[in-house]
Amino acid sequence: MKTGKEGLVVKSTGSWYRVRLDDGERIDARVRGKLRVQGIQSTNPVAVGDRVKLNTKTEGDWTIVEVCDRQNYIVRKATKLSKQTHIIAANIDLAIALVTLTHPKLKLGFLDRVLVSTEAYGIETIIVFNKIDLLNTEEKEYLNQLCKAYNDVGYETRQISVQAEQGIDQIRQIVKNKICAISGHSGVGKSSLLNVLSPEHRAQVTDVSTFNSKGQHTTTFAEMYEVDESTFIIDTPGIKSFGLSTMDREELKGFFPEMHRLSVNCKFHNCLHINEPGCAVKPAFENSQLPWFRYENYVHLFDELKEQNPL
Ligand SMILES: Nc1nc2c(ncn2[C@@H]2O[C@H](COP(=O)(O)OP(=O)(O)OP(=O)(O)O)[C@@H](O)[C@H]2O)c(=O)[nH]1
Ligand SMILES: [Mg+2]
Ligand SMILES: [Zn+2]
C-alpha cells in the first residue's frame with residue numbers, strides 16, 4: 001500500500017531529512033533511487049526549505065520522491081575548487097542581515113557583500129541592527145544616518161536590542177508567515193534572536209550541544225526553526241562566503257539596486273559605472289545623492305571579481 005503526502009524539509013543531515021507534514025506531524029525520510037529535481041548540479045538533492053512529496057510503503061518508512069520547484073535557493077561551492085554546489089536552503093521569503101554597530105564592530109564591506117549575495121539570489125533583504133543598548137548618543141546618531149543611507153538605497157532597516165527586548169515585536173511581525181534566513185558575523189546575536197523568536201530553538205539548544213560533543217553536528221547544514229506553524233527561521237552557516245564566487249563582474253552592478261535604477265540614464269547600456277563617459281551613476285555618488293561607501297564597496301568587489309574571473 002502506498003500513501004502520498006507533502007511537506008516542508010526542516011532539517012537535513014545529508015543522509016536523512018526531517019519533514020514537517022502539512023498536518024504538523026514530523027517524520028524522518030530518506031531519498032532512494034531517482035529523484036525528480038529541477039536541473040541543477042548539486043551535491044545534495046534536498047535542502048531545508050524544500051517542499052517535497054513523500055511515499056511510504058511500510059509504516060513509518062518514508063521516502064522523498066519529488067522536490068517541488070524552488071522559488072529560490074542559496075548555495076555555496078561544495079569545496080573550494082569544485083564546480084559542484086551545495087544547496088544551503090531553498091524557498092526563502094526574506095533574508096535578515098543581522099549586524100551590530102559595535103561588539104562586534106560593523107564592517108560595511110561585509111554587509112554590502114551579503115546584500116549583493118541576496119540580490120543575486122533574488123531574495124528580499126532587511127538589515128537589522130542589534131545591540132542598540134550598547135550605543136552612546138554619538139553612535140546612535142551615526143546609526144540613524146546609516147539607516148537613512150540604506151533606506152535611500154532601497155533597504156528597510158530596523159534597530160533592536162535582543163537583550164533589552166527592544167524592537168522584537170516588530171521583527172515578529174516582519175517574519176510572520178515567512179521562511180526567513182538569518183545571516184551575520186559571529187557574535188552579532190543570531191542565536192539570541194532565534195531564542196526569543198522560536199520556542200523550538202529554545203528547546204533545542206541543549207540538543208545541539210550534545211551533538212557537538214560527539215562531533216556529529218555539522219555547521220554545513222542549515223537548521224530551520226519553527227516560530228509558529230507558518231513561520232520558520234533558518235540559521236545559515238557560511239552565508240558570508242556564498243554567491244560572489246560564481247558571479248561575472250559585469251553582473252555586479254545589477255545587484256546594487258540604486259545603481260540599477262540610475263543606469264537607464266547612462267550613455268552606454270553596458271556602462272560599468274567605473275570610468276565610462278556619460279555615466280549617470282558615478283556622479284550621483286560623487287554628488288552625495290547616494291552614499292559614497294556603497295560605491296567604494298562596489299569598486300572593491302568589482303576588482304576582486306576581476307582578479308577571480310578575468311575576461
Ligand atoms: N548588549 C547586548 N548583548 C547582546 C544582545 N544580543 C546578544 N547579545 C550577546 O552577544 C553575545 C553573542 O550572541 P549570540 O547570540 O551567541 O551571537 P551569534 O550571532 O549566534 O554568534 P555565533 O553563534 O558565534 O555566530 C552573547 O553574549 C549575547 O548575550 C543585545 O541586544 N545587547
Ligand atoms: Mg549562534
Ligand atoms: Zn554608468
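The exercises below work through a predicted model of one protein and its ligand.

**Exercise 1. Judge where the model can be read in detail.**

Step 1. Start with the whole protein: the mean pLDDT is 87, and 86% of the residues score at least 70.

Step 2. Look for a weak stretch. Over residues 206-219 pLDDT stays under 50. For this stretch the model has 5 contacts beyond four places in sequence.

Step 3. Apply the rule that predicted coordinates should not be read in detail where pLDDT is low. Residues 206-219, with pLDDT under 50, are therefore left out of detailed reading.

**Exercise 2. Describe the overall make-up of the protein.**

Step 1. Count the elements: there are 8 helices and 13 strands.

Step 2. Take burial next. Of the 311 residues, 33% are buried.

Step 3. Consider contacts with a separation of 6 or more: 64% of them join residues 24 or more positions apart.

**Exercise 3. Place strand β11 among its partners and state how far it is covered.**

Step 1. Strand β11 spans residues 179-183, and 5 of its 5 residues are buried.

Step 2. Sort the residues by direction. Ile179, Ala181 and Ser183 point one way, while Cys180 and Ile182 point the other way. Residues on both sides are buried.

Step 3. Find the pairings. β11 pairs with β8 in the parallel sense over 4 bridges. Strand β13 (residues 231-235) also runs parallel to β11, joined to it by 4 bridges.

Step 4. Use Cys180 to fix the register. Leu94 stands opposite Cys180 on the β8 pairing, and Ile233 in β13 stands opposite Cys180 too.

**Exercise 4. Identify the residues that touch the most others in the largest nonpolar core.**

Step 1. The largest nonpolar core has 68 residues. Those touching the most other members are Val9, Ala47, Ala89, Ala97, Cys180, Ile233 and Ile234.

Step 2. Ask which element gives the largest share: strand β8 (residues 94-100) does, with 5 residues.

Step 3. Follow Ile234 outward. Beyond four places in sequence, its contacts include Ile179, Cys180, Ala181 and Ile182. Val48, Gly49 and Ala89 are also among the contacts of Ile234, as are Ala222, Glu223 and Met224.

Step 4. Set this beside the general pattern: in soluble globular proteins, nonpolar side chains tend to be buried together.

**Exercise 5. Characterise the shell around ligand 1.**

Step 1. The shell holds 15 residues, and the closest are Gln163, Ser186, Gly189, Ser191 and Ser192.

Step 2. Divide the shell by class: 9 residues are polar, 3 nonpolar and 3 charged.

Step 3. Trace the shell to an element. Helix α4 (residues 190-197) supplies the largest share, 3 residues.

Notes
Residues are numbered from 1 along each chain as its sequence is written. Chains are lettered from A and ligands numbered from 1 in the order in which they are written. This is a predicted model: local features need pLDDT of at least 70, side-chain atom pairs count only at pLDDT 80 or more; totals for chains, interfaces and linings use all residues. A residue is near a molecule or strand if its C-beta atom, placed from the backbone, lies within 6 Å of it. Helices (H or I, at least four residues) and strands (E, at least two) are DSSP runs, numbered from the N terminus. Ala, Val, Leu, Ile, Met, Phe, Trp, Tyr, Cys and Pro count as nonpolar, Asp, Glu, Lys and Arg as charged, and the others, Gly among them, as polar. A nonpolar core is a set of buried Ala, Val, Leu, Ile, Met, Phe, Trp, Tyr and Cys residues joined through C-beta atoms within 7 Å. A residue is buried if 20 or more other C-beta atoms lie within 10 Å of its own, exposed if 12 or fewer, and partly exposed in between; C-beta atoms are placed from the backbone. Two residues are in contact if their C-beta atoms, placed from the backbone, lie within 7 Å. pLDDT is the predictor's confidence in each residue, from 0 to 100. Two strands pair if DSSP finds at least two bridges between them.
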